[in-house]
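User: Could you take a close look at the largest pocket for me? I'd like to know what lines it.

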Amino acid sequence: MNSAYDRNAALVRSFVDALNRHHLDDFVALLSDDVELRTPRGIRRGRSEAAQWFEKPLDHLDLRFEQSRVLVGEDEVIGIGDLVFTWKETGEVAERLERAAIWKVGEGLIRSWEPFETPAEALRAAGILREPE
């Protein structure tokens, strides 16, 4: 990996991998001390709050993010893919939703993460796509 873009892409792949494997130590190791996770249920600040959020299980569902596209910048990565919920008891897919997220990165760590309902919302938040007129 020779460029910052390659390192940033690899960092986000590691974040997604740790999330999908439900591996707390690997997840927390990728975060800056002052990380901000902008979850649907509020902002989690710092590694400790991020770890508490990460450890909250879903009752009967497993969750994974299947990233299909990545846009990589100097200090920002946009990931687009499917959020897949499967039933813990059977492994069957309960729901598959196209989603996106923006990661802010710096000094080899995740500084923030924000999920979006649609790829268009993420692209607008990143300033890549203009608001419809």
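Analyst: Let's start with the whole chain: 34% of the 133 residues of the protein count as buried, meaning under 20% relative accessible area with a 1.4 Å probe and protein chains only. Bear in mind that this is a predicted model, where local features need pLDDT of at least 70, side-chain atom pairs count only at pLDDT 80 or more, and totals for chains, interfaces and linings use all residues. Residues are numbered from 1 along each chain as its sequence is written, and side-chain values use heavy atoms, with hydrogens and water left out.

Now the pocket. Rolling a probe the size of a water molecule over the atoms shows where empty space is left. Here, a pocket is an open set of points on a 1 Å grid over the protein atoms alone where a 1.4 Å probe fits, with protein on both sides within 12 Å along at least five of seven lines. The largest one comes to about 1000 Å³, counted as the space filled by probe spheres set on the points, which are joined across faces, edges and corners. It has 30 lining residues, each with an atom within 4 Å of a point; P40, W53, L58, L63 and F85 sit closest to the centre.

Who supplies the wall? At least two lining residues come from each of α1 (4-21), α3 (46-55), β3 (61-72), β4 (76-87), β5 (93-106) and β6 (109-116); these are DSSP runs numbered from the N terminus, with helices (H or I) of at least four residues and strands (E) of at least two. The protein has four helices and six strands.

Key. Buried < 20%, exposed > 50% of the residue type's maximum accessible area, 1.4 Å probe, protein only.
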